[in-house]
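Visitor: Could you take me closely through one part of this model, namely its charged side chains and the way they are paired or left unpaired? I would like the account to stay connected, with the surroundings brought in where they help.

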Amino acid sequence: MQRITITIDDDLLTVVDALAQRRGYGSRSEAIRDLVREAASRQDATGAGDAPCIATLTYVYEHETRDLARRLTTAQHHHHDLSVSTLHVHMDHEDCLEVSVLKGTVAEVQAFADGVVTQRGVRFGNLHVIPVGAPAGPGKRHGHRLGHGRDHDHD
């Protein structure tokens with residue numbers, strides 16, 4: 001087993017301590033190991049990296065952090081092919097909440113999300129991945145059970 005040192009702000013350490021106490025961990029290390037295992041199992045549950053998915057990326061960031069808003073906007077523009085829609089909410093004087101709906105492969109979506117939530121000034125980030133079946137390709141006709149019920153092509 002390896003021993004590491006991490007830097008964590010006081011508020012987040014309070015959360016770790018509360019979690020450790022609530023779940024009955026004997027130490028902070030046990031709590032953090034379990035959190036990492038939980039995150040790894042969520043990642044494994046999303047399937048293969050080339051599987052198609054729909055996802056929501058939710059994150060809170062400090063809009064005054066130097067150059068952060070520009071970096072986030074640039075990242076979204078560089079990955080415009082993944083973005084379906086983004087909701088931006090001004091939470092208070094310091095923080096903004098964004099929710100992005102993404103569509104692509106699990107690997108593409110995960111890489112984009114990792115690039116966003118690891119930016120300095122992003123304080124909270126959560127990616128929720130929903131695996132979907134293979135999309136209908138060009139010229140593939142099908143009907144819908146709900147809605148208009150007419151056959152049509154998807155491109």
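**Charged side chains and their surroundings**

Guide: Arginine 23 and aspartate 34 form a salt bridge in which the closest N and O atoms are 3.7 Å apart, and it should be said at once that this is a predicted model. The pair links distant parts of the chain, since arginine 23 belongs to helix 1 (residues 10-23) and aspartate 34 to helix 2 (residues 28-45), with the two positions 11 residues apart in sequence. Both partners count as partly exposed, arginine 23 at 42% relative accessibility and aspartate 34 at 24%.

The structure holds 6 salt bridges, and another of them joins the side chains of arginine 123 and glutamate 62, with an N to O distance of 3.0 Å. Here strand 4 supplies arginine 123 and strand 1 supplies glutamate 62, so the pair ties together parts that are 61 residues apart in sequence. Glutamate 62, at 29% relative accessibility, is partly exposed.

Arginine 123 also forms a salt bridge with aspartate 95, and the closest N and O atoms of that pair are 2.8 Å apart. Because aspartate 95 lies in strand 3 while arginine 123 lies in strand 4, this second pairing ties together parts that are 28 residues apart in sequence. Aspartate 95 has a relative accessible area of 7% and is therefore buried, the limit being under 20%. As for shared partners elsewhere, Arg23, Asp34 and Arg37 are joined into one network of salt bridges. In general terms, side chains of opposite charge can pair when their charged atoms come close.

What, then, is the nearest side chain of opposite charge to glutamate 98? It is arginine 71, which is 13 Å away, and glutamate 98 is buried yet has no salt bridge. Because a salt bridge requires the nitrogen to be within 4 Å of the carboxyl oxygen, the separation from arginine 71 rules out such a pairing. Glutamate 98 has its place in strand 3 (residues 95-105), and its side chain makes polar contacts instead: one of 3.4 Å with the side chain of glutamine 76, and one of 3.5 Å with the side chain of tyrosine 61. If neighbours within four places in sequence are left aside, the residues in contact with glutamate 98 are Leu57, Thr58, Tyr59, Tyr61, Gln76, Thr86, Leu87 and His88.

Several of these names lead on to the nonpolar interior. The largest nonpolar core has 17 residues, and those with the most contacts inside it are Leu57, Tyr59, Tyr61, Leu72 and Leu102. Two or more residues of this core come from each of strand 1 (52-62), helix 3, strand 3, helix 4 (106-117) and strand 4 (122-131). In soluble globular proteins, nonpolar side chains tend to be buried together.

Leucine 102 touches, apart from residues up to four places away in sequence, Cys53, Ile54, Ala55, Leu57, Leu82, Ser83, Val84, Val109 and Phe112. The C-alpha atom of leucine 102 is separated by 9.6 Å from that of alanine 113, a residue 11 places away along the chain. Alanine 113 is found in helix 4 and is buried, with a relative accessible area of 3%; beyond its neighbours within four places, alanine 113 is in contact with Leu57 and Leu127.

Arginine 71, already met as the distant counterpart of glutamate 98, is also among the contacts of threonine 65, which include Arg120 and Gly121 once neighbours within four places are left aside. Threonine 65 sits in the loop between strand 1 and helix 3 and is buried, with a relative accessible area of 9%.

As a wider frame for these details, the secondary structure of the protein chain comes to 4 helices and 6 strands, running α-α-β-α-β-β-α-β-β-β from the N terminus on. Buried residues make up 21% of the 155 residues in the protein chain, and among contacts with a separation of 6 or more, 60% are between residues 24 or more positions apart.

Methods. Residues numbered from 1 in each chain as written. Predicted model: local features only at pLDDT ≥ 70, side-chain atom pairs only at ≥ 80, totals over all residues. Heavy atoms only, no water. Buried < 20%, exposed > 50% of the residue type's maximum accessible area, 1.4 Å probe, protein only. Lys, Arg positive; Asp, Glu negative; His and termini not counted. Polar contact = N/O pair within 3.5 Å; in protein donor to acceptor, adjacent residues only side chain to side chain. Contact = heavy atoms within 4.5 Å. Core = buried A, V, L, I, M, F, W, Y, C linked by side-chain atoms within 4.5 Å.
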